[in-house]
Amino acid sequence: MKDGFITHIKSHTELQDTVTRRKEKYAQLGATLQPLIIIVGPNCNSISQYFVLVDDTFYVLNSILSSVDCCFKIIHALNLQYPVESLPIWSFVQKGFYKIKTPWDTEYVCVNSLLSDLGI
């Protein structure tokens with residue numbers, strides 16, 4: 001689920017292979033690769049670059065927060081779908097941070113419980 005939300009790679013040499021594998025995975029599911037956040041660094045505490053991938057274009061951002069914000073807004077502006085494996089995470093971001101509800105939202109008990117526990 002976490003790779004569907006934020007994909008972490010250790011170096012730029014892994015970038016194209018990672019994107020190719022993700023595209024192949026989605027093709028096997030009969031879907032297309034949706035906008036994706038990719039972070040580059042030796043570990044999660046030492047990230048050197050943040051990208052949002054849309055089609056074959058990499059947008060460079062300054063932080064993880066700006067990457068999540070950018071990816072979320074691109075998905076909604078272009079009327080795209082959240083990545084399949086991270087639907088609950090994106091649902092939490094949508095409802096918890098952006099306070100957006102749509103008629104086509106999927107309801108997740110875990111997301112609703114977390115929002116309730118947080119008083120959101």
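**Notes on the cores, the strands and a surface patch**

1. Of the 18 residues in the largest nonpolar core, the ones that touch the most other members are Ile-37, Val-52 and Trp-90. At least two residues of this core come from each of strand 2 (36-40), strand 3 (49-54), helix 3 (64-77) and helix 4 (87-97). Helix 3 gives the largest share, with 6 residues. Please keep in mind as you read on that this is a predicted model.

2. A second core lies apart from that one and has 10 residues. Among them are Leu-15, Leu-33, Ile-38 and Phe-51.

3. What does Ile-37 touch, once neighbours within four places in sequence are left aside? Its contacts are Phe-5, Ile-6, Thr-7, Phe-51, Val-52, Ile-64, Ser-67, Val-68, Cys-71 and Trp-90. Two of these names, Val-52 and Trp-90, will be familiar from the list of residues that touch the most other members of the largest core.

4. Strand 3 is worth a look on your screen. Here 5 of the 6 residues are buried, so the strand is largely enclosed by the rest of the structure. Strand 3 pairs with strand 2 in the antiparallel sense, over 5 bridges. In that pairing, Gln-49 of strand 3 stands opposite Val-40.

5. Strand 3 also runs antiparallel to strand 4 (residues 57-61), and 5 bridges join these two. One pair to pick out is Leu-53 with its bridge partner Phe-58 in strand 4. Strands 3 and 4 form a hairpin with 2 residues between them. In the turn, Asp-55 has a positive phi of about 55 degrees, if you would like to check the backbone there.

6. Is Gln-94, in helix 4, buried or exposed? With a relative accessibility of 2%, Gln-94 counts as buried, because the cut-off for that class is under 20%. Not counting residues up to four places away in sequence, Gln-94 touches Phe-72, His-76, Tyr-82, Lys-99, Ile-100, Lys-101, Thr-102 and Asp-105.

7. Finally, the surface. Leu-114, Leu-118 and Ile-120 form a nonpolar patch there, and together they have about 270 Å² of accessible area. Ile-120 sits in the segment after helix 5 (109-117). Its relative accessible area is 46%, so Ile-120 is classed as partly exposed, a class that lies between the 20% and 50% cut-offs.

Technical notes: Residues numbered from 1 in each chain as written. Predicted model: local features only at pLDDT ≥ 70, side-chain atom pairs only at ≥ 80, totals over all residues. Heavy atoms only, no water. Patch = residues over 30% accessible without salt bridge, like charges linked within 9 Å, V, L, I, M, F, W, Y side chains within 5 Å. Areas by Shrake-Rupley, 256 points an atom, 1.4 Å probe, with all protein chains shown as cover. Salt bridge = Lys/Arg side-chain N within 4 Å of Asp/Glu carboxyl O. Helix = DSSP H or I, 4+ residues; strand = E, 2+ residues; numbered from the N terminus. Buried < 20%, exposed > 50% of the residue type's maximum accessible area, 1.4 Å probe, protein only. Core = buried A, V, L, I, M, F, W, Y, C linked by side-chain atoms within 4.5 Å. Contact = heavy atoms within 4.5 Å. Pairing = 2+ DSSP bridges.
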